[in-house]
Amino acid sequence: MKTILSSAAMILALSGTAFAEGDVAKGEKDFKKCKSCHGIVDDSGEALFKGGKTGPNLYGVVGRQAGTVEDFKYGDSIVAAGEAGLVWTEELLMEYIKDPKGFLKEHTGDSAAKSKMTFKWGKPEDIVAFLATFSPEMSGEGEATESEATESDSTTTN
């Protein structure tokens, strides 16, 4: 019993820290707007959330160096930011999603910095909380397939 309580407390503590800013379930729903450009495909090649290929794969984005998904053609500004040491945290992703171009200008110090991502999301906390569930530290927690997401949508009323 003591082990179960200790484990439960640790899981709550870790998940509370990881997702303090947003609601994962709402983020999954919001991510449907992102999937026109982005997918979430794990290291084995399994599509956890099918999406477009205009943007990079977002599997493991939290904790990853910016501009480093293999075989994806990034813009020069985000590559430069990554080479300068930019690693995506939940906080930095929220800033980026709110204003990609402005974020890159600020973080690179280049007033001419550009972003290929033109979409802006005013309240990205939920999306980032959802994406954080696909980080290596979470190792499978919160992963949802597109069919599971569709099932949950059909049971949700607005």
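This report walks through the two largest pockets of a predicted model, then turns to His-38 and helix 6.

## The largest pocket

Let's begin with the open space in the model. Rolling a probe the size of a water molecule over the atoms shows where empty space is left. The largest pocket has a volume of about 580 Å³, and 32 residues line it. If you would like a place to centre your view, try the residues that lie nearest the middle of this pocket: His-38, Gly-55, Pro-56, Tyr-96 and Met-117.

Three elements give two or more residues to this lining: helix 2 (24-34), helix 4 (90-98) and helix 6 (125-132). Helix 4 gives the most, with three residues. Sorted by class, the lining of the largest pocket comes to 18 nonpolar, ten polar and four charged residues.

## The second largest pocket

The second largest pocket holds about 270 Å³ of space. Its lining is made of 16 residues, and those closest to the centre are Gly-39, Val-41, Gly-52, Lys-53 and Asn-57.

Here the elements that give two or more residues are strands: strand 1 (40-41) and strand 2 (47-49). By class, the lining of the second largest pocket divides into seven nonpolar, five polar and four charged residues.

## A look at His-38

His-38 is worth a visit, as one of the residues nearest the centre of the largest pocket. You will find His-38 in the loop between helix 2 and strand 1. Is His-38 buried or exposed? Its relative accessibility is 12%, and because buried means under 20%, His-38 counts as buried.

The side chain of His-38 reaches the backbone oxygen of Pro-56 at 2.8 Å. Pro-56 is also among the residues nearest the centre of the largest pocket. Setting aside neighbours within four places in sequence, His-38 is in contact with Phe-31, Gly-51, Gly-52, Gly-55, Pro-56, Leu-58 and Met-117. One of these, Gly-52, is listed with the residues closest to the centre of the second largest pocket, while Gly-55 and Met-117 are listed for the largest pocket.

## Helix 6 and its surroundings

Helix 6 also gives two or more residues to the lining of the largest pocket. Why can helix 6 be called largely enclosed by the rest of the structure? Seven of its eight residues are buried, so the rest of the structure largely encloses helix 6.

The buried residues of helix 6 are Asp-126, Ile-127, Val-128, Ala-129, Phe-130, Leu-131 and Ala-132. They pack against helix 2, strand 1, strand 2 and helix 4. Among these partners, helix 2 and helix 4 contribute to the lining of the largest pocket, and strand 1 and strand 2 to that of the second largest.

Technical notes:
Residues numbered from 1 in each chain as written. Predicted model: local features only at pLDDT ≥ 70, side-chain atom pairs only at ≥ 80, totals over all residues. Heavy atoms only, no water. 1 Å grid on protein atoms, 1.4 Å probe; cavity = no way out; pocket = protein on both sides within 12 Å on 5 of 7 lines; lining within 4 Å. Points joined across faces, edges and corners; volume = space filled by probe spheres on them. Helix = DSSP H or I, 4+ residues; strand = E, 2+ residues; numbered from the N terminus. Nonpolar A, V, L, I, M, F, W, Y, C, P; charged D, E, K, R; others polar. Buried < 20%, exposed > 50% of the residue type's maximum accessible area, 1.4 Å probe, protein only. Polar contact = N/O pair within 3.5 Å; in protein donor to acceptor, adjacent residues only side chain to side chain. Contact = heavy atoms within 4.5 Å.
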